[in-house]
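Let's take a walk through the inside of a protein model, looking at its enclosed spaces and its cysteines.

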Amino acid sequence: MMKSFLSFLTAIVFLTACNQSSHQQSAVAKSDTAMIDGHPAWIMQGNIYEVNIRQYTAAGTFKAFEPNLDRLKAMGVQTLWFMPINPISKTDRKGSLGSYYAVSTYMDVNPEFGTMADWKQLVALCHEKGFKVLLDWVPNHTGADHYWLTKHPDFYVKDSTGKPAMAADWADTRKLNYANNELRDTMIAQMKYWIDSTGIDGYRCDVASDVPDDFWKKCIATLRKDKNIFMLAEGDKPALNEDGFDATYTWNDFNIMKEIAKGKKPAYAIDSALHRTDSLFPKNALRMYFTSNHDENSWNGADFSTMPGASHAPFAVFTQTIVRSVPLIYSGQEEPVLRAIRFFDKDTMVFNKYERAPFYAKLLHLRSENEALAANATFMQIHTNADDKVFAYLRTMNNKKVLVVLNWSSKPITVTLNHPQIIGNTTELFTNEKVSVTKGMSLPFNAWGYKVFVY
């Protein structure tokens, strides 16, 4: 399996190199400043891969992660989101190593992972290989021994006893006070530091919904004065996109997907989630779709438990091909790692099979190469003879078309497609089979089957 997968990756790298024109470097430079619908142009057909540095290798360091870059590049990964890399508080620490999200200072690197020089080297190497880099930022709270607690006690919300309050029910954190303008200015300055000094391309902002909207408006506008950054909010409220965030989490959509996977809701239940985005969010809002992430893996067993076995695949195809999507893959999903990764202790992932990597590579490369899968490409739902079990849609842009048909049920089914715009000669993505799609044609699908037809 490993030998055949390495051959697959070699072929992908070779074909990609063959398709690149002599103008590649100038095109890349232009894309760094170009905007589409108010977003960095490079994200519109891009994707995100979340990196859990602590658990990714036995060493759990930046340097130990570096050898994985070529593999991820060959798989089609474009943007690397690194979970927080700041030092972690020791006061009220959870587990032996603590939570990434209880930082003791925003201005340094967790020695568990390496040095600031190691981080800068990793970012530079990522850029050299064509990746974008997002840093996970924790603006809502600090750890319980951040130096601000003594130097700037007014930076914190106080509880009924006058002591710094916990954020939510996280005992290892202390809630920041955004009524304090000095805190706001300091936070923006420290976020700007990582962009200016280490070259990152944007942020994933933790608990963004709990930070005031007017802070985000000033913060994001300030950060964008010097670089065309991408901003991802952990939150599912429309105001975040209005504040300047490019993309928000699709928690509502994900929860419906889980219910469909369990057989508790019909396939057409996803219509309500898509309608919610269309009706409530700004017209240019991007959404991050996923089948797992660090929270869902550690606490809820996604995707191996929430979408077990073969049921994962048609939902993963959905995240990669649906309108407005910026799709996410979490560390280990390509293996796949089929267990909950511990959050506060060392728990190394083991990579040796990469069983899902060819599946993801097909989707990631198609997305990057075919503008019909751009986030802003047209979406049209295609009704079938079994809309309670099957979700089908057509994506189009200019002269490109992609038809996606997903069997979101545990039963085999024959699907009838009946729409004039699906007519044409296609190639099915995963089998490379040439298929002439006709109005009223019927296609057999296995349980949890999926087909992607490229015109």
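The cavities come before the cysteines in what follows.

This is a predicted model, in which local features need pLDDT of at least 70, side-chain atom pairs count only at pLDDT 80 or more, and totals for chains, interfaces and linings use all residues. Residues are numbered from 1 along each chain as its sequence is written, and side-chain values use heavy atoms, with hydrogens and water left out.

How many cavities of 30 Å³ or more are there? The count is two. A cavity here is a set of points, on a 1 Å grid over the protein atoms alone, where a 1.4 Å probe fits but cannot get out, and its lining residues have an atom within 4 Å of a point. Volume means the space filled by probe spheres set on the points.

The largest cavity holds about 60 Å³ of space. Its lining has 13 residues, and N297, S331, G332, Q333 and V337 lie nearest its centre. The second largest cavity has a volume of about 40 Å³. Among the residues lining this second cavity are N52, Y100, H294 and F343.

Now to the cysteines. A disulfide is a covalent bond between the sulfur atoms of two cysteines, counted here when the two sulfur atoms are within 2.5 Å. The structure holds zero disulfides. For C126, the nearest cysteine sulfur belongs to C205 and is 19 Å away. The sulfur of C205 has its closest cysteine sulfur in C219, at 6.8 Å, which is too far for a bond. C126 is buried (under 20% relative accessible area, 1.4 Å probe, protein chains only), with a value of 0%. C205 also counts as buried, at 0% relative accessibility.

Note on methods. 1 Å grid on protein atoms, 1.4 Å probe; cavity = no way out; pocket = protein on both sides within 12 Å on 5 of 7 lines; lining within 4 Å. Buried < 20%, exposed > 50% of the residue type's maximum accessible area, 1.4 Å probe, protein only.
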